[in-house]
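Analyst: The questions that follow concern strand pairing and side-chain packing. Please put each of them with the structure in view.

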Amino acid sequence: MASTTVEIARAPDDVFAFFTDPANLSAWQDAEEVEQLTEGPVRAGTRFREVHKAMGRRRVELTEVVESDPGRLFHIRVIEGPPVDGRWEFARTPAGGTRVTLTPLAHLPGRARLANGAMEQVTALAFRRFHRRLKRALEDGAT
């Protein structure tokens, strides 16, 4: 199973709060627009409409939060868009920072299922760049 990890010199609760705030998504991903479709705080069941731009193309995704355990776990399912979900774990490092680990979970249908591992690897590679941006945003003083 593919995964990617980044260490951030901020406490897990701070990283989680920034990470799960839809207003911050464009600071670390390729999101151009994010609209929360479900009222209230971000939690299991919350849905988003996201517009991303990658390789010169706009892509609309509908995502839903599967699990949200503040400071520990955030799991998103893609309902419409690329068939790869994301499960992030947040763990305190010995120095008091946070280790963020993404495990992509591909769900290609039928015979294409054989390519799930490759799709998870590609997703992990793409998120290495996003995680570097997340690290910079948080360590450079973002709240």
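User: What is the phi of glycine 96, in the turn of the β6 and β7 hairpin?

Analyst: Five residues separate β6 from β7 in this hairpin; strands (E, at least two residues) and helices (H or I, at least four) are DSSP runs numbered from the N terminus. The model is a predicted one, in which local features need pLDDT of at least 70 and side-chain atom pairs pLDDT 80 or more, while totals for chains, interfaces and linings use all residues. Residues are numbered from 1 along each chain as its sequence is written, and side-chain values use heavy atoms, with hydrogens and water left out. The phi of glycine 96 is positive, at about 95 degrees.

User: How many bridges join β6 to β7?

Analyst: Strands of a sheet pair through backbone hydrogen bonds, either parallel or antiparallel. Two strands are taken as paired if DSSP finds at least two bridges between them. In the antiparallel pairing of β6 with β7, glycine 86 stands opposite proline 104 of β7. The count of bridges here is nine.

User: Which residue of β7 stands opposite threonine 4?

Analyst: β7 also pairs with β1, in the antiparallel sense and over five bridges. Seven of the nine residues of β7 are buried (under 20% relative accessible area; exposed is over 50%, partly exposed in between, with a 1.4 Å probe and protein chains only), so this strand is largely enclosed by the rest of the structure. Opposite threonine 4 stands leucine 102.

User: What is the average twist from one strand to the next in the seven-stranded sheet?

Analyst: The seven strands form an open sheet with antiparallel pairing, in the order β1-β7-β6-β5-β4-β3-β2. β1 and β2 (31–36) are the edge strands, each pairing on one side only. The average twist from strand to strand is 25 degrees.

User: Which residue in β4 lies opposite phenylalanine 48?

Analyst: β3 (residues 47–54) and β4 (residues 57–69) are antiparallel partners joined over eight bridges. Phenylalanine 48 has as its opposite number in β4 threonine 63.

User: What angle does the direction of α3 make with that of β1?

Analyst: Axes here are lines fitted to C-alpha atoms, for helices over the stretch in contact, and angles run from 0 to 180 degrees between N-to-C directions. Helix α1 lies across β1, β4, β5, β6 and β7 and runs at about 155 degrees to β6. Helix α3 packs on the sheet and touches β1, β6 and β7 (contact is heavy atoms within 4.5 Å). The angle between α3 and β1 is about 10 degrees.

User: Which element gives the largest share of the largest nonpolar core?

Analyst: A nonpolar core is a set of buried Ala, Val, Leu, Ile, Met, Phe, Trp, Tyr and Cys residues joined through side-chain atoms within 4.5 Å. The largest has 22 residues, and Trp28, Phe74, Trp88 and Phe90 make the most contacts inside it. Among the elements giving two or more residues to it are α1 (12–20), β6 (84–92) and α3 (116–139). The largest share, five residues, comes from α3.

User: Why does the pair of phenylalanine 19 and tryptophan 88 receive its class, and what is that class?

Analyst: Rings of Phe, Tyr and Trp (its six-membered ring) pair if their centres lie within 6.5 Å; planes under 30 degrees apart are stacked, over 60 edge-to-face, and the rest tilted. By this rule there are eight aromatic pairs. The centres of these two rings are 5.0 Å apart and their planes meet at 65 degrees, so the class is edge-to-face.

User: How many residues apart are phenylalanine 19 and tryptophan 88?

Analyst: Phenylalanine 19, in helix α1, and tryptophan 88, in strand β6, link distant parts of the chain. Phenylalanine 19 is buried at 5% relative accessibility, and tryptophan 88 is buried at 6%. Their separation in sequence is 69 residues.

User: What is the angle between the planes of phenylalanine 127 and phenylalanine 130?

Analyst: Both residues lie in α3, three residues apart, about one turn of the helix. Both are buried. Their rings form an edge-to-face pair, 5.0 Å centre to centre, with planes at 80 degrees.

User: With which side chain does the side chain of histidine 131 make a polar contact at 3.0 Å?

Analyst: Histidine 131, in α3, is buried with a relative accessible area of 1%. A polar contact is a pair of N or O atoms within 3.5 Å; within protein, one must be able to donate a hydrogen and the other to accept it, and residues adjacent in sequence count only if both atoms are side-chain atoms. The partner is tryptophan 88.
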